[in-house]
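Subject: Handover of a structure model

Dear colleague,

Please find below the structure that I am handing over to you. My findings follow directly after it.

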Amino acid sequence: MANRCAVLGKPIAHSLSPVLHNAAYRSLGLDDWSYDRHEVGEPDLDAFLKSLDPTWRGLSLTMPLKKTIQPYGTPRNVWARELHVANTAVFDWSKATHDDPSWSHGRPGIRLYNTDVAGIQLAFDHAEREFGLHGGGVGEGRALIIGNGNTATSAVAACMMMPRNGRITIAARHPGRDLGLDGAARIFTGEARRPYDEIDLNDADAVTEAARGATHVINTIPGHAADGVAARLDASGATFRGLLLDVVYDPRPTRLMQVWRAHGGRAIGGEEMLLYQGLIQVLLMTGIWDDDPPSDADWRLQDVTVDDDHLEIAMRRALEEAL
């Protein structure tokens, strides 16, 4: 293959990114492009990068590599800069330097992007259109984020990009942890302050009350860890009106999604976020979006589709078949 890309992480065998990216290449007629997965942990990343040759075009990065990649490249979008987290690396071999012999084929220019934030935002955009959920003015919505780990950082950022959300609440497993969003808040709200309120995830009454009033809910707790939250919400007998995005897509649907739907709400799984963050990665890695892609604020559905939506449709179909 003349053009190679891959997803890196540890563990990585579960990743569906190859399904998405290879479907995109077929849809675009890029027969000499391929996308694979490689199990690479933090201690292995340096050697892996230095072994690459000029056939490599880009990498997707999962945890724990989203911060580890930072010293090797230049952040090119606001969230890669502000959050110091990048899930996408795009190589420019025309800018390769050869002053370090440890790089087998020279050190390429590496552009870093965070597409997770846009992936969350676009997943909500698509779901609201599909469900016919419209209405509500700027600042009238409320967002609830379950968990306060690394994924919660991107979730808060995504909610800041959604004009309807006037208030963001985090139900924290580890209260007091700083998500480092003060700088981003200054850019998007004009105030250098923490852009969210915090409640304790173990406070069942507070979580239920926040869930009842939320227009957008994002669960960032992996695996079955949110099953306890689901049980407490189920036992409360409350009715929910908001749209839930559970970043988990195995199991599918999660217990939290089942409870949310049973109590009146709408719910989508993490495969929606995966699809849209992957779609933007394809546009960046293949050069459809060149060195000056649209700004983060313009990463809307109308801007990330190509040729009457055929790219998005092809990726969605492949993902649904894989699931």
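Alanine 143 has histidine 216, a residue of β10, as its bridge partner. The model in which this pairing is found is a predicted one. The two strands concerned, β7 and β10 (residues 216-219), run in the parallel sense and are joined over four bridges. β7 also pairs with β8, again in the parallel sense, over six bridges. In that second pairing, leucine 144 stands opposite threonine 169 of β8. Strand β8 covers residues 165-172, and six of its eight residues are buried, so that the strand is mostly covered.

These strands belong to an open sheet of six, in the order β9-β8-β7-β10-β11-β12, with parallel pairing. At the edges stand β9 (197-200) and β12 (266-269); each has a single partner strand, so one side of each is left without a neighbour in the sheet. On average, neighbouring strands of this sheet are turned by 20° against each other, direction ignored.

A further open sheet is also built from six strands, in the order β2-β1-β3-β5-β6-β4, and its pairing is mixed. Here β2 (33-39) and β4 (74-75) take the edge positions; because each has a single partner strand, one side of each lacks a neighbour in the sheet. Within this sheet, strand β1 (residues 3-9) pairs with β3 in the parallel sense over five bridges. Cysteine 5 is placed opposite glycine 58 of β3.

Strand β5 (residues 88-97) contains serine 94, and aspartate 92 has its place in the same strand, β5. Which of these two residues is buried and which is exposed? Serine 94 is exposed, because its relative accessible area of 67% is over the 50% limit. Aspartate 92 counts as buried, because its relative accessibility of 17% is under the 20% limit. In a regular strand, side chains alternate between the two faces of the sheet. The side chains of aspartate 92 and serine 94 are joined by a polar contact of 2.5 Å. Serine 94 also has a C-alpha atom separated by 7.4 Å from that of proline 108, which lies 14 residues apart from serine 94 along the chain.

I turn now to the enclosed and open spaces, which may be of interest for your own work.

How many cavities of 30 Å³ or more are there? The count comes to two. The largest cavity holds about 40 Å³ of space. Its lining consists of Asn219, Gly223, His224, Ala226, Asp227, Asp246, Val248, Pro251, Thr254, Arg255 and Leu256. By class, this lining has four nonpolar, four polar and three charged residues.

The second largest cavity holds about 30 Å³. Leu144, Ile146, Ala211, Val217, Leu233, Leu244, Leu256 and Trp260 line the second largest cavity. Two elements, β7 (141-146) and α10 (255-262), give two or more residues to this lining. By class, the lining of the second largest cavity has eight nonpolar residues, no polar and no charged ones. Leu256 appears in the linings of both cavities. Leu144, which lines the second largest cavity, is the residue of β7 described above as standing opposite threonine 169.

The largest pocket contains about 1,000 Å³ of space. Its lining comprises 36 residues, and those nearest the centre of the pocket are His14, Met63, Lys66, Thr151 and Val247. At least two lining residues are supplied by each of β3 (56-61), α6 (150-161) and α11 (270-285). Which element provides the largest share of this lining? That element is α11, with five residues. By class, the lining of the largest pocket divides into 14 nonpolar, 18 polar and four charged residues. β3 thus has two roles in this account: it supplies residues to the lining of the largest pocket, and it pairs with β1 in the sheet of mixed pairing.

Yours sincerely

Note on methods: Residues are numbered from 1 along each chain as its sequence is written. This is a predicted model: local features need pLDDT of at least 70, side-chain atom pairs count only at pLDDT 80 or more; totals for chains, interfaces and linings use all residues. Side-chain values use heavy atoms; hydrogens and water are left out. On a 1 Å grid over the protein atoms alone, a cavity is a set of points where a 1.4 Å probe fits but cannot get out, and a pocket is an open set with protein on both sides within 12 Å along at least five of seven lines; lining residues have an atom within 4 Å of a point. Grid points are joined across faces, edges and corners, and a volume is the space filled by probe spheres set on the points. Ala, Val, Leu, Ile, Met, Phe, Trp, Tyr, Cys and Pro count as nonpolar, Asp, Glu, Lys and Arg as charged, and the others, Gly among them, as polar. Buried means under 20% relative accessible area, exposed over 50%, partly exposed in between (1.4 Å probe, protein chains only). Two strands pair if DSSP finds at least two bridges between them. Axes are lines fitted to C-alpha atoms, for helices over the stretch in contact, and angles run from 0 to 180 degrees between N-to-C directions. A polar contact is a pair of N or O atoms within 3.5 Å; within protein, one must be able to donate a hydrogen and the other to accept it, and residues adjacent in sequence count only if both atoms are side-chain atoms.
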